[in-house]
Amino acid sequence: MSPTLAYQFNRFLRGSVPFALTVLLAMMSVVPIGISGYANVTPAFVAISVFYWSIHRPYLMNAPLCFLLGVISDCLTGTPLGLSSLLLLLTHGIALSQRRIFIGKSFFLTWFGYLLIGFIIAMLSWIIACLYSLAYVPIAPILAQYGLSLLVFPFFAWLFGLLQNNLLRLT
Amino acid sequence: MAPRQSSVFKLTWPLKTILQRSAFLLLISLAIALLFLGKANIGVVERMRTATTDVVAPILATISQPVDAFHKAVGRVQKLTSLIEENERLREENARLLKWQAVGRTLEQENENFRQLLNALSDPLVLPITARVVGDNGGPFVRTLLLNAGRRDGVRVGQAVVAPLGLVGRIAEVGERSARVLLLTDLNSRIPVVMEKSRHKGILVGDNSTSPILDFLPTNATVSAGDRIVTSGDGGMLPAGRPIGIVSSVTERSIRVKAFADWTRLEYVSVLRYDLPGMSNPDENPGDLGESRLDAK
């Protein structure tokens, strides 16, 4: 017996939650909130989301979706097109390959994982940005962004966990 | 969507893994290819960006409205506490500015008379387009703003963007109803400037830090902290004499400039429609040139 259309549609809607949420986060990260210097160190909400869902629902946050999210956030922020895609794909790749370590363990391990992976990605992004513009790009804002992302990570992990338990239990 | 454990699945999973791996590598190479394509300044990439911002700008405008409202409310409460002092200060400032206004009027008239005596050409009319800032760069790599005005509103690439206190940057990309501003602090920003007093010309070079560098000054130029910097109008894209900032530090290696613009309160900015007659193509800038000529009479 094949599942009804309504059921499949429901499932599709629930399944698209991680992606839709990340697009929303990408938009939120460019909304000007009027704090001095915040625009340059806005936490990497999209990267946090990709990291979380790559561990917990990898089939809802697969590589093509990561690529697409990167393109969207590049277009939104004015970053060189392809840069965010590359970084998000790498985040996704690393998280996916290590997900056995994180899954079912304490939250602090995930946070520690983000601490390591986030740092690698931040350094890599700095090197790519320098190579791309053939100039020295100040590293302080990149590190500040990394630090802030690390600070807001628990909140987002909690939020995503809530969604996962309520909306995506069956997917 | 969840993989079901069936015998078929078990048989096919190595194939699936290989496919997934190759898709991953393919996408990584695609991202790198996009970076190179963007570097090569290909039109398709820019059109894709502007198409995206066109779609997103109205959404962002809606999202940013409550944020703006919240800010206004907070600002109002903060102002309430210092209402009397503020009022007193503004009264004094108003009296002072009225004197300045009288001086300014006399000087303007005098200038006009001299111009007529010399038969000097006046600068074309500058028409501001007021646009709302709906997005910022949201990351450490670039310094940009997103505006909710675009080609249909008369915004064109290269036009100057000013805030009440001074120049902010220039238009870098234009969509139908959105535009991206390259701030003067961005790595790619180059703005022809002149020192207000000594009239030495230079280029204001952004480097992603908060204070851009004043470069390419003549070797005999003497610069000290506090000197005012204005646009020179060289190249014909920006109107001359718009305030930018003051020299904040002078060292052996570089001269830094602190912009007048208040970066945290950029809610509305003006895009300056400006044409030097004969310098721009009327087909590319419909309307602007005609309106500029209204001034020339």
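## A barrel in chain B and its neighbours

Let's start with two strands: S1(B) and S2(B) run antiparallel and are joined by three bridges. This is a predicted model, and that pair belongs to a closed barrel of six strands in chain B, in the order S1-S2-S5-S4-S3-S12, with antiparallel pairing. Across this sheet, neighbouring strands are turned by 45° against each other on average, direction ignored. Below is a quick tour of the barrel, the core, the contact with chain A and two odd loop residues.

**Chain B in brief**
- Chain B has four helices and 12 strands.
- Of its 297 residues, 32% are buried.
- Look at the contacts in chain B with a separation of 6 or more: 55% of them link residues 24 or more positions apart.

**Around the barrel**
- Asp136(B) has Leu145(B) in S2(B) as its bridge partner.
- S2(B) also pairs with S5(B), residues 179–183, in the antiparallel sense over four bridges.
- In that pairing, Leu146(B) is matched with Arg180(B) of S5(B).
- Further round, S3(B) (residues 160–163) and S4(B) (residues 166–174) are antiparallel too, with four bridges between them. Here Val162(B) sits opposite Leu167(B) of S4(B).
- A helix joins the picture: H2(B) lies across S1, S2, S4 and S5 of chain B, at about 85° to S1(B).

**A closer look at S2(B)**
- In a regular strand, side chains alternate between the two faces of the sheet.
- You can follow this along S2(B): Thr144(B) and Leu146(B) point one way, while Leu145(B) and Leu147(B) point the other.
- Are these four residues buried or exposed? All of them are buried.

**The nonpolar core**
- In soluble globular proteins, nonpolar side chains tend to be buried together.
- The largest nonpolar core here has 100 residues, and those with the most contacts inside it are Leu89(A), Leu147(B), Val168(B), Val181(B) and Val269(B).
- Which element gives this core its largest share? That's H4(A), with nine residues.
- Val181(B) makes a handy example: leaving out residues up to four places away in sequence, it touches Thr144(B), Leu145(B) and Leu147(B), and its other contacts include Val161(B), Val168(B) and Ile171(B).

**Where the chains meet**
- 42 residues of chain B are in contact with 44 residues of chain A.
- On chain B, helices H1 (7–39) and H2 (43–81) and strands S1 (127–136) and S2 (144–147) each supply at least two residues of the side that touches chain A.
- Sorted by class, that side of chain B has 24 nonpolar, 13 polar and five charged residues.

**How confident is the prediction for chain A?**
- Chain A has an average pLDDT of 90, and 98% of the residues score at least 70.
- Among the elements of chain A, H1(A) (residues 5–15) has the lowest mean, 86, and H4(A) (residues 45–56) has the highest, 94.
- Where pLDDT is low, don't read the predicted coordinates in detail.

**Two residues with positive phi**
- Asn208(B) isn't a glycine, yet its phi is positive, at about 70°. You'll find Asn208(B) in the loop between S7 (201–205) and S8 (213–215) of chain B.
- Asn208(B) counts as buried because 25 other C-beta atoms lie within 10 Å, and the cut-off for buried is 20 or more.
- Phe216(B) is another non-glycine residue with a positive phi, near 60°. Its place is the loop between S8 and S9 (228–231) of chain B.
- Phe216(B) has 13 other C-beta atoms within 10 Å, so it is partly exposed.

Technical notes
Residues are numbered from 1 along each chain as its sequence is written. Chains are lettered from A and ligands numbered from 1 in the order in which they are written. This is a predicted model: local features need pLDDT of at least 70, side-chain atom pairs count only at pLDDT 80 or more; totals for chains, interfaces and linings use all residues. Two residues are in contact if their C-beta atoms, placed from the backbone, lie within 7 Å. Ala, Val, Leu, Ile, Met, Phe, Trp, Tyr, Cys and Pro count as nonpolar, Asp, Glu, Lys and Arg as charged, and the others, Gly among them, as polar. A residue is buried if 20 or more other C-beta atoms lie within 10 Å of its own, exposed if 12 or fewer, and partly exposed in between; C-beta atoms are placed from the backbone. Two strands pair if DSSP finds at least two bridges between them. pLDDT is the predictor's confidence in each residue, from 0 to 100. A nonpolar core is a set of buried Ala, Val, Leu, Ile, Met, Phe, Trp, Tyr and Cys residues joined through C-beta atoms within 7 Å. Axes are lines fitted to C-alpha atoms, for helices over the stretch in contact, and angles run from 0 to 180 degrees between N-to-C directions.
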